[in-house]
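Biologist: I'm new to this one, so could you take me through a single part slowly? I'd like to look at the greasy bit of the surface first, and then at whatever ties the rest together.

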Amino acid sequence: MNDELMLLWQQGASQEPDAAEVARLAGRASVVRFEKRIFWRNMREYLAGAVVLIAGIRGLWRGPYVAGPISMIAGVLFVMVYLWRSHRNDVPLDAAADARAYHAAMLEKLDRQILLLSKVRYWYVLPCYLPMLVFTLSNPNPVGQKVVGLGIATLFCGFVIWLNERFAVGKLKVQREKIEALYKEEQ
């Protein structure tokens, strides 16, 4: 079990729980849980990027067309570096920080994630869509197959944009409003 949750449970079970300590532990648990969620989401993206990177390198050696694999490698490297750069300056909070510090940190982390996901069409989808275009257009297939391929790629990219910019950002904004309201009620 998580240390913060154990301490929170113990505080709640005591005769007179310290409200400031309960708030601090709850804030810390929320921040740690959110950081873990983002960490594992990023790890999935890095893993998928590594698979695409390997496929692109393999495509350079195996196929006669190099424009597609080169654009794929460039696109996936751009996405992976952009994602890494967006989270590289994360500094963990002091474990002894008070509830207000955790509240502010959680809001800041949510704001950064909302900003990142709201621009996913530019830093994620576009660098992935362009190699799909290059592959499809440089492919010797008939025009009908190219049109179908572009249609599928466009629909998939549109779904990824919707999933991140509408669905995920919407959920994060609701979570942010709830967390922001925690201290507005107290004031």
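**A close look at the nonpolar patch and its surroundings**

Modeller: Happy to. Start with the surface: Phe159, Trp162, Leu163 and Phe167 make a nonpolar patch of about 400 Å². Keep in mind that this is a predicted model. Take Phe167 as your way in. Phe167 sits in helix H6, which covers residues 143-184, and with a relative accessibility of 41% it counts as partly exposed.

Now zoom out for a moment. The protein chain is made of six helices and has zero strands, so if you read the elements from the N terminus you get α-α-α-α-α-α. Of the 187 residues, 30% count as buried. The chain exposes about 12200 Å², and carbon and sulfur atoms supply 66% of that. As for contacts with a separation of 6 or more, 75% are between residues 24 or more positions apart.

Back to helix H6, and to a residue there called Glu165. The side chain of Glu165 meets that of Arg121 in a salt bridge, at 2.6 Å from N to O. Arg121 belongs to helix H5 (residues 120-138) and Glu165 to helix H6, so this pair ties together parts that lie 44 residues apart in sequence. The two ends of the bridge sit in different surroundings: Arg121 is partly exposed, with a relative accessible area of 33%, whereas Glu165 counts as buried at 9%.Further along helix H6 you can find Arg176, which forms a salt bridge with Asp111; their closest N and O atoms are 2.4 Å apart. This pair links distant parts of the chain, with Asp111 in helix H4 and Arg176 in helix H6, 65 residues apart. Asp111 is partly exposed, having a relative accessible area of 34%, while Arg176 counts as buried at 19% relative accessibility.

Let's follow helix H4 next. Glu35 and Lys109 form another salt bridge, and here the closest N and O atoms are 2.9 Å apart. Glu35 lies in helix H2 and Lys109 in helix H4 (residues 99-118), so the pair ties together parts that are 74 residues apart in sequence. Glu35 is partly exposed, with a relative accessible area of 29%, but Lys109 is buried, at 11%. The count of salt bridges comes to seven. Some of them share partners, and in that way Asp90, Glu108 and Arg112 are joined into one network.

Arg112 also turns up in the company of a histidine. Leaving aside neighbours within four places in sequence, His87 is in contact with Ile38, Asn42, Arg112, Gln113 and Leu116. With Asn42 there is something extra: the side chains of His87 and Asn42 make a polar contact, at 3.5 Å. His87 lies in helix H3, residues 67-87, and counts as buried with 17% relative accessibility.

While we're among the buried residues, have a look at Leu25. You'll find Leu25 in helix H2, which runs over residues 19-62, and at 2% relative accessibility Leu25 counts as buried. Leu25 and Ala95 are 70 residues apart in sequence, yet their C-alpha atoms are 9.5 Å apart in space.

One last stop: the cysteines. The structure holds zero disulfides. For Cys128, the nearest cysteine sulfur is that of Cys157, 7.1 Å away, and Cys128 is in no disulfide. Why does that distance rule a bond out? A disulfide needs two cysteine sulfur atoms within 2.5 Å, and the sulfur of Cys157 has that of Cys128 as its nearest, at 7.1 Å, so Cys157 is in no disulfide either. As for how covered they are, Cys128 counts as partly exposed at 27% relative accessibility, whereas Cys157 is buried, with a relative accessible area of 7%.

So, if you want one route to retrace on screen, begin at the patch made by Phe159, Trp162, Leu163 and Phe167. From there, go to Glu165 and its salt bridge with Arg121, and on to Arg176 with Asp111. Finish with Lys109 and its partner Glu35.

Notes: Residues numbered from 1 in each chain as written. Predicted model: local features only at pLDDT ≥ 70, side-chain atom pairs only at ≥ 80, totals over all residues. Heavy atoms only, no water. Buried < 20%, exposed > 50% of the residue type's maximum accessible area, 1.4 Å probe, protein only. Patch = residues over 30% accessible without salt bridge, like charges linked within 9 Å, V, L, I, M, F, W, Y side chains within 5 Å. Areas by Shrake-Rupley, 256 points an atom, 1.4 Å probe, with all protein chains shown as cover. Salt bridge = Lys/Arg side-chain N within 4 Å of Asp/Glu carboxyl O. Helix = DSSP H or I, 4+ residues; strand = E, 2+ residues; numbered from the N terminus. Contact = heavy atoms within 4.5 Å. Polar contact = N/O pair within 3.5 Å; in protein donor to acceptor, adjacent residues only side chain to side chain.
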